[in-house]
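Take a look at the structure below. We will walk through it step by step, starting from a single residue.

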Amino acid sequence: MLKFVRNARKSTSTDETTTFDSHTLCFSDIQAAKMCLILQQQKESFPVEIDALSHNKQIQHSSKLWGLCSTMKRHAGFNVIESRGRVDSRVMMPLSAKCQLTKLMLQTKHEELNHIGASTVIGIIGQNHLIFGAKKELKRIQRLCTTCRESMPTLSNREWECFQTAELC
Ligand SMILES: [Zn+2]
């Protein structure tokens, strides 16, 4: 989509530098699309933090990003928030599981990884992203997933109902 929009803008401009190659997808196009989506998710979840960091101001103490050495960094043409993990100081892009795009990302990862447990999904996604509320959202995904349900044949219908309505931690 991003590539399409950029090509459309080029084709309407008077600059005739557009070549045939610009219509094929390459690694940088995919990276740019990914960063565009990350920024969209961050704008939805951390608008105040983006505003503060963009103006070289401190993040408020009440923010989830406080104390994580957050900065704005340019990736593939988009300025996104980068934070450092509290445990190993790894640089990650913070997201919130309350955002619809992040929910879709977790759902996709859950399916890509063959419906594996929440901790493993978080461990793999956590190499690049710090997702607040990921565990709770992954447990919700598991509860609603028919494949996960079928992989637990030992549960009776009553036990499954209890599992589905159990309080999330
Ligand atoms: Zn599943």
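In which helix is the place of Leu138? The answer is α6. Keep in mind from the start that this is a predicted model.

Is Leu138 buried or exposed? Count the C-beta atoms around it. There are 26 others within 10 Å. A residue is buried if the count reaches 20 or more, so Leu138 is buried. Now ask which residues Leu138 touches, leaving out those up to four places away in sequence. They are Leu106, His110, Ala118 and Val121. Look also at Ala97. Along the chain, Ala97 and Leu138 are 41 residues apart. In space, their C-alpha atoms are separated by 9.1 Å.

Leu138 has company. In soluble globular proteins, nonpolar side chains tend to be buried together. Here, Leu138 belongs to the largest nonpolar core, which has 11 residues. Its other members are Leu95, Cys99, Met105, Leu106, Val121, Ile125, Leu130, Ile131, Ala134 and Ile141. Four elements each supply at least two residues of this core: helix α4 (100–112), helix α5 (118–125), strand β4 (129–132) and helix α6 (134–144). The largest share, 3 residues, comes from α6. A second core lies apart from this one. That other core has 7 residues, including Ile59, Leu65, Val80 and Ile81.

Next, see how two of these helices meet. The axes of α5 and α6 come within 9 Å. They cross at roughly 130°. That angle makes α5 oblique to α6. The crossing is right-handed. Which residues make the contact? From α5 come Ala118, Val121 and Ile122. From α6 come Ala134, Lys135, Leu138, Lys139 and Gln142. So our starting residue, Leu138, is part of this contact between α5 and α6.

Step back to the whole protein. How many helices and strands does the protein have? There are 8 helices and 4 strands. From the N terminus on, the elements run α-α-α-β-β-β-α-α-β-α-α-α. The protein has 169 residues, and 17% of them count as buried. Now take the contacts with a separation of 6 or more. Residues 24 or more positions apart account for 51% of these.

Now turn to the strands. In what order do the 4 strands form their open sheet? The order is β1-β2-β3-β4, and the pairing is mixed. The edge strands are β1 (71–75) and β4, and each of them pairs on one side only. From one strand to the next, the twist averages 50°. Helix α2 (residues 27–45) packs on the sheet. This helix touches β1, β2 and β3, and its direction makes about 65° with that of β2.

Follow the pairs one by one. Strands β2 (residues 78–84) and β3 (residues 91–96) run antiparallel, joined by 2 bridges. Arg84 has Val91 in β3 as its bridge partner. Strands β3 and β4 run parallel, joined by 4 bridges. Ser96 has Phe132 in β4 as its bridge partner. Leu95 stands opposite Ile131 in β4. Both Leu95 and Ile131 are members of the largest core. Ile131 touches Leu95, Ala97, Thr102 and Ile125, with residues up to four places away in sequence not counted.

Two loop residues deserve a look. Where is Ser89 found? Ser89 is in the loop between β2 and β3. That hairpin has 6 residues between the strands. Phi of Ser89 is near 60°, a positive value in a residue other than glycine. With 9 C-beta neighbours inside 10 Å, Ser89 counts as exposed.

The other loop residue is Cys69, placed between α3 (47–54) and β1. Phi of Cys69 is near 50°, again a positive value in a residue other than glycine. With 13 C-beta neighbours inside 10 Å, Cys69 counts as partly exposed.

Now return to Leu138 and find it again in the structure. Leu138 sits in α6, is buried, and belongs to the largest nonpolar core.

How values were computed. Residues numbered from 1 in each chain as written. Predicted model: local features only at pLDDT ≥ 70, side-chain atom pairs only at ≥ 80, totals over all residues. Core = buried A, V, L, I, M, F, W, Y, C linked by C-beta atoms within 7 Å. Buried ≥ 20, exposed ≤ 12 C-beta atoms within 10 Å, placed from the backbone. Contact = placed C-beta atoms within 7 Å. Pairing = 2+ DSSP bridges. Axes fitted to C-alpha atoms, helices over the stretch in contact; angles between N-to-C directions. Parallel < 35°, antiparallel > 145°, perpendicular 65-115°, else oblique. Left-handed = near helix turned anticlockwise from the far one by under 90°.
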